[in-house]
Amino acid sequence: MSHLHKPTSLALFCKVVDNFGDIGICWRLARQLEQEHQIAVTLWVDDLISFKKLCPELDTNAGQQYIQNIAIRHWRNQDNQFAASDIANIVIEFFGCDIPPAYIASMALCQPPPVWINLEGLSAEEWVEGCHTLPSSHPQYSLTKYFFFPGFTQKTGGLLLEKNLIHEYEQFNQATQNRSAFLGSLGVSVEESEALTISLFCYPHAPVEQLFHVWENGTEAISCLVPVGVAKKAVENFLQKEATPGTQVKRGNLNVRVIPFVPQQDYDKLLWSCDLNFVRGEDSFVRAQWAQKEFIWHIYPQDENLHHKKLRAFLGRHTASSRANQAFSLAWNDASGAPDWLNLWKDLRHELPETHIQSILWQRQMQDIGDMTSNLLRFINGKR
Ligand code: TRH
């Protein structure tokens with residue numbers, strides 16, 4: 001429960017830079033704020049088409065709508081007039097997305113002014129601890145913006161984690177039918193689901209073709225599930241046809257199946273159903289950590305290979321990844337050598353119970369920081 005005085009209104013601004021992570025994180029945060037803390041959330045988002053992929057019930061033509069009790073507003077560049085009722089008690093801009101000047105001007109007229117947060121991206125680098133919760137005064141108005149960083153240590157904001165997620169995971173795992181029913185709903189056959197099942201979510205530059213080649217010629221039956229649109233070129237080269245949902249080809253020991261892009265609330269089930277998950281960006285990367293399964297992270301690429309530093313910082317902290325996993329992860333991100341699947345596979349086969357224990361320990365360590373949404377609200381409450 002939040003200790004905020006109610007009713008509390010919160011405006012969350014999201015600019016979709018690319019892909020699905022920006023809206024993925026904001027949508028998850030918005031739902032948690034509303035469902036677990038009873039906050040009246042308005043989510044301002046500039047790209048409804050990307051949002052709809054995660055949330056199929058969204059109407060991309062509506063300027064304003066309510067989904068799961070959250071007000072969704074289409075944020076257009078030309079928006080320069082805001083009603084007093086649009087100005088919330090708490091204003092969060094995601095990833096420095098620069099909220100409209102007219103909105104800021106109206107915030108300055110409020111008494112007391114809203115608590116203003118810039119919610120930053122996730123990084124395991126050390127400098128994050130020093131910048132977490134730092135204030136920045138507005139040059140023109142008497143407004144202060146605070147930087148809030150998610151993270152992996154007690155001196156950061158922690159990770160997004162819904163209150164019931166671990167319980168839901170345990171319930172899902174209790175009956176094998178849950179897995180087969182879920183995979184079945186994606187079109188996966190029983191035979192495919194009995195093979196080593198791998199979900200693949202990565203950026204187009206990942207060395208997927210090389211990996212497919214190794215899997216095809218390997219000794220282990222592998223079933224690779226690829227959401228439509230992911231690694232399109234490599235997948236179509238393997239399939240020798242268009243990668244539409246439902247398309248499936250088996251060659252050698254590798255079965256590749258294109259699955260639909262699932263709604264965000266089902267994505268966890270996909271991770272829970274697989275033996276190994278390839279994830280990317282920020283949100284799927286965090287979800288993989290709650291799934292207690294081995295995962296390989298394809299980090300969002302940055303200029304001058306800055307992302308390699310971030311990747312190493314994470315691997316340096318992540319006590320649940322084995323040496324083979326670390327080596328594979330570096331190679332998958334082109335930070336060293338070539339991905340050594342055989343080594344990773346040896347490890348997966350022999351060390352699964354140990355990796356599982358380490359994943360649970362890591363999860364507990366992350367839970368001890370407290371979930372990011374509650375930490376964020378506690379911080380905000382201290383500023384009101
Ligand atoms: O899509 P991403 O690469 O997103 C981002 C953006 O590129 C962003 O600009 C950058 O800042 C950030 O990465 C680091 O990866 P991410 O973060 O994992 O987001 C994907 C979202 O899509 C996540 O919420 C899970 C969801 N998803 C589904 O809902 N269904 C699916 O089938 C899949 C594969 C993903």
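This note goes through the cavities, the pockets and two helix contacts of a predicted model.

1. Cavities overall. The search covered the whole structure and found two cavities of 30 Å³ or more. The larger one, treated in the next point, has a volume of about 100 Å³, and the second largest cavity holds about 80 Å³ of space.

2. The largest cavity. Its lining includes Ile-25, Leu-119, Leu-122 and Pro-150. Gly-158, Leu-159 and Leu-160, which follow one another in the chain numbering, also belong to the lining, as do Glu-282, Asp-283, Val-286 and Met-372. By class, eight of the lining residues are nonpolar, one is polar and two are charged.

3. The second largest cavity. This cavity encloses about 80 Å³. Its lining has 13 residues, and those closest to the centre are Lys-293, Phe-295, His-318, Ala-320 and Ser-359. At least two lining residues come from each of α11 (283-290), β14 (294-298) and α14 (341-368). The biggest share is that of α14, which gives three residues. Sorted by class, the lining holds four nonpolar, seven polar and two charged residues.

4. The largest pocket. About 820 Å³ of space lies in this pocket. It is lined by 40 residues, with Gly-21, Tyr-203, Gly-281, Glu-282 and Asp-283 the closest to its centre. The elements that give two or more residues to this lining are α1 (21-37), α10 (264-273) and α11. Of these, α1 gives the most, with four residues. The lining is made up of 23 nonpolar, nine polar and eight charged residues. Two of the residues closest to the centre of this pocket, Glu-282 and Asp-283, are also named in the lining of the largest cavity.

5. The second largest pocket. Here the space comes to about 340 Å³. Among the 19 lining residues, Gln-35, Glu-162, Leu-165, Glu-168 and Gln-265 lie nearest the centre. Helices α1, α5 and α10 each supply at least two residues of the lining. By class there are three nonpolar, seven polar and nine charged residues in this lining.

6. Helices α5 and α6. Helix α5 spans residues 165-174 and helix α6 spans residues 176-185. The two pack at an angle of about 95 degrees, and their axes are 4 Å apart. The pair is therefore roughly perpendicular. On the α5 side the contact involves Gln-171, Phe-172 and Gln-174, and these meet Thr-176, Asn-178, Arg-179 and Phe-182 of α6. The contact residues divide into two nonpolar, four polar and one charged.

7. Helices α8 and α9. Helix α8 (residues 208-216) packs against helix α9 (residues 232-239) at an angle of about 35 degrees, with 9 Å between the axes. The crossing of α8 past α9 is right-handed. From α8, the contact uses Val-208, Glu-209, Phe-212 and Glu-216; from α9, Lys-233, Ala-234, Val-235, Asn-237 and Phe-238 take part. Five of the contact residues are nonpolar, one is polar and three are charged.

8. Points to look at. In the structure above, a reader might begin with α1, which gives four residues to the lining of the largest pocket and at least two to that of the second largest pocket. Helix α10 likewise gives two or more residues to the largest pocket and at least two to the second largest pocket. Helix α11 contributes to the lining of the largest pocket and to that of the second largest cavity.

Definitions and conventions. Residues are numbered from 1 along each chain as its sequence is written. This is a predicted model: local features need pLDDT of at least 70, side-chain atom pairs count only at pLDDT 80 or more; totals for chains, interfaces and linings use all residues. Side-chain values use heavy atoms; hydrogens and water are left out. On a 1 Å grid over the protein atoms alone, a cavity is a set of points where a 1.4 Å probe fits but cannot get out, and a pocket is an open set with protein on both sides within 12 Å along at least five of seven lines; lining residues have an atom within 4 Å of a point. Grid points are joined across faces, edges and corners, and a volume is the space filled by probe spheres set on the points. Ala, Val, Leu, Ile, Met, Phe, Trp, Tyr, Cys and Pro count as nonpolar, Asp, Glu, Lys and Arg as charged, and the others, Gly among them, as polar. Axes are lines fitted to C-alpha atoms, for helices over the stretch in contact, and angles run from 0 to 180 degrees between N-to-C directions. A crossing is left-handed if the near helix is turned anticlockwise from the far one by less than a right angle, and right-handed if clockwise. Contact means heavy atoms within 4.5 Å. Angles under 35 degrees count as roughly parallel, over 145 as roughly antiparallel, 65 to 115 as roughly perpendicular and the rest as oblique.
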